[in-house]
Amino acid sequence: MAERSFAREVQDLKLGEGDLFRGEGILAITKALLQSGVSYVGGYQGSPISHLMDVLADAKPVLDELGVHFESSASEAAAAAMLSASVMYPLRGAVTWKSTAGTNVACDALTNLASSGVKGGALIILGEDYGEGSSIPQERSHAFAMKSQMWLLDPRPNLESIVKSVEDGFELSEASNTPVMMQVRIRACHVHGQFIAKDNKRPEFTIKQALENPVRDLDRIVLPPVSITVHDREKIEKRWPAAIDFIKSRKLNEWFGPDEGDVGIILQGGMYNSVMRALQLLGLADAYGNTVIPLYVLNVTYPLIDDEVSAFCAGKRAVLMVEEGHPDYLEQAVNSILRRRDINTWLAGKGMLPIRGDYTAAVLMNGIQAFLEEHAVALLGNRPPLPSADAVLADPKVKALNAVVPARPAGFCTGCPERPIFAAMKLVEQELGEHHVSADIGCHLFSILPPFNIGGSTMGYGLGPASASAFNVDAGKRAISVMGDGGFWHNGLTTSVGNAVYNKHDGVIMVVDNYYSSATGGQDILSSRADNPERSTNNSIVKAVKGIGAKWVRQIDRTYDVAKMRDTLKEALTSKEEGPKIIVASSECMLNRQRREKPLFSKAVKSGQRMVRERFGVDEDTCTGDHACIRLSGCPSLSLKHTDDPLRDDPVVAIDNTCVGCGNCGEVSEAAVLCPSFYRADIIYNPTRRDRFAARLRNAVIGFLQRRREARRVVFG
């Protein structure tokens, strides 16, 4: 297993009543689940929630001791379906995934779960990956909560609030017989802090008891059209009022600042820290959370509590709604509450604040300042100088970068085994011309950017080949699609490969097998080569695609062989055989490989063992200055440097110390017939006598040849 290890931190999960827990938000969520008496946990990894899955995997001994079942689900849909255990039985269950990408995948199961309702507490922990640095299209979980009528928690990003929201979430779910979503932004997942721990609880009702005492309640089964009226009536007449009563009585939402004021701020709980920082910069709050402006913090953003909203707004001249993301669901809802109750408080929101993008402290500072300038300018006082990057951003040189620098210049890691795949594609492109390429979610998306510039669409995890299905027509060229091994097992085997086999799609499918679900943190999957005692690995992708009916299948066990990659791809594009042409290109993710091998290598060197590390370099005298090696590789370890040769103006290629010795640059150079300037050097640690003798002999011979060459230069001028 290559995912990040939390073996040391997991020991903190054993802390009991009154102990002080210190750590990261992710670990606090796990502790809160155990304190809440959870019976089962599942999920699918994805930023910013990946580490929660890693923590749970490392915590298996603790979970086993408490009788908690944990499994890493095949997809978000599989995780959501797990919650069916809470429909008939008083079992507390929790699942987690990256939202909204994962919520889209899980939507069918969530719809049925929300319709049937639950008996045990069902908590869905969503890693809300929203903002400028997100790796998914910008959507919000709020829409899913409203659509299916599930309650949505958005706790303040500190450990005490996060832990309390987990505990409150289970109770709210049970009180209203409704699944509850809890969204945690990156700010919350990786915030560090402390809270007073409680004892872990064994589940009051176990899965074993449920299995041995089966229950069947027809009113809880989704069986349209019979169940539609029953479930819909229950949602409106029972579950909704029960949720409202629980939220009000338990005071899940919070008030800060003075009781009275001409203006106020309503904000999502997850925005609290940034809002407080903005108020502090404006001189309206201190570092301890004391604010001169009343705040109404929505730790529950759906449903809204009409009485609380109207009570906060009544008597105020204006209120600012801080709602990150679009559309402005909360602003519309608050406006509706105020109008229905004939409260004339002016509601500001989008307009004062940006319609889209991250609400950083700087953004909020500007928005709150604009709001106060219009509605309560006296609060701003003498206005101390505020931090601003406007001067830097206005610099013409900085503005010029927008035209040449990609918005998010992500790229493959040094030594990534996917780089030679796309280098081979570029070589085939030179010979056969450009082809339509359907990309997929994962590291291979970086091929869309320079230097490869490959890929025309991305439609979803494991959907690369399916997104090329419309191109199944007779033509002079074939469509190429790419997906990773993680996407293959998540959705690609049936939806993409099965679809292509069934429809006899005459395209090329490249399955990038790098042994892990690498883009999400290096978790093991079905085809991982590691022996995992907890999960089934070493399941062949080739056997899977053949089992589903594929005939033309090629396995390449070393993607760094660029020539073989090129020839196999060319064969696939020109083959006369009917049906999909599937290439499984396998090499271990270099990042995970380095994580695995570097500690072992360092340990061996320290113990005195003879160890050899490969490095590559470029001969300055041979390098032609064409730099095609960089254009066909893009490796971060390749750079340019000026030569000392006075007869050469162009810089030459250089390889820096980040090189991991994968050999890709040399393979590309050979396959593309670029130049013979690349060389390999073996760095020997703890050399033997034989190594030292060989080194002295080589140096003597090389020195002799160099002296002879210099002598000839002197003679012949």
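**Reading a pocket, a bent helix and a buried strand**

In this predicted model, the second largest pocket has a volume of about 690 Å³.

Student: What makes a residue part of the lining of that pocket, and which ones are closest to its centre?

Tutor: A lining residue has an atom within 4 Å of a pocket point. There are 28 such residues, and M590, Q594, E597, R613 and V660 are the closest to the centre. Two elements, α22 (590-606) and β20 (611-618), each give two or more residues to the lining. The most come from α22, with nine residues.

Student: How do you know what classes of residue line the second largest pocket?

Tutor: Sorted by class, the lining has eleven nonpolar, eight polar and nine charged residues.

Student: How do you know that helix α19 is not straight?

Tutor: Helix α19 covers residues 485-502, and a straight helix of 18 residues would span 26 Å at 1.5 Å a residue. The end C-alpha atoms of α19 are only 21 Å apart. The place of the bend is G492, where α19 turns by about 90°. That angle lies between axes fitted to the seven residues ending there and the seven starting there.

Student: What makes α19 mostly covered, and what follows α19?

Tutor: A residue counts as buried under 20% relative accessible area, and 13 of the 18 residues of α19 are buried. After α19 comes K504, with a positive phi near 50°.

Student: Why is strand β13 called largely enclosed?

Tutor: Strand β13 runs over residues 318-322, and five of its five residues are buried, so the rest of the structure largely encloses it. A318, L320 and V322 point one way, V319 and M321 point the other way, and all are buried.

Student: How do you know that β13 pairs with strands β10 and β14?

Tutor: Pairing takes at least two bridges between the strands. Strand β10 (residues 263-268) has five bridges to β13, in the parallel sense. Strand β14 (residues 346-348) has three bridges to β13, and these two also run parallel. Both counts meet the requirement, so both are pairs. L320 of β13 is the bridge partner of I265, and in β14 the partner of L320 is A348.

Student: Why is L298 called buried?

Tutor: L298 lies in strand β11 (residues 295-298). Its relative accessible area is 1% and the limit is under 20%, so L298 is buried. L298 and R156 are 142 residues apart in sequence, with their C-alpha atoms 8.7 Å apart in space.

Methods
Residues are numbered from 1 along each chain as its sequence is written. This is a predicted model: local features need pLDDT of at least 70, side-chain atom pairs count only at pLDDT 80 or more; totals for chains, interfaces and linings use all residues. Side-chain values use heavy atoms; hydrogens and water are left out. Helices (H or I, at least four residues) and strands (E, at least two) are DSSP runs, numbered from the N terminus. The expected span of a helix is 1.5 Å times one less than its number of residues. Buried means under 20% relative accessible area, exposed over 50%, partly exposed in between (1.4 Å probe, protein chains only). On a 1 Å grid over the protein atoms alone, a cavity is a set of points where a 1.4 Å probe fits but cannot get out, and a pocket is an open set with protein on both sides within 12 Å along at least five of seven lines; lining residues have an atom within 4 Å of a point. Grid points are joined across faces, edges and corners, and a volume is the space filled by probe spheres set on the points. Ala, Val, Leu, Ile, Met, Phe, Trp, Tyr, Cys and Pro count as nonpolar, Asp, Glu, Lys and Arg as charged, and the others, Gly among them, as polar.
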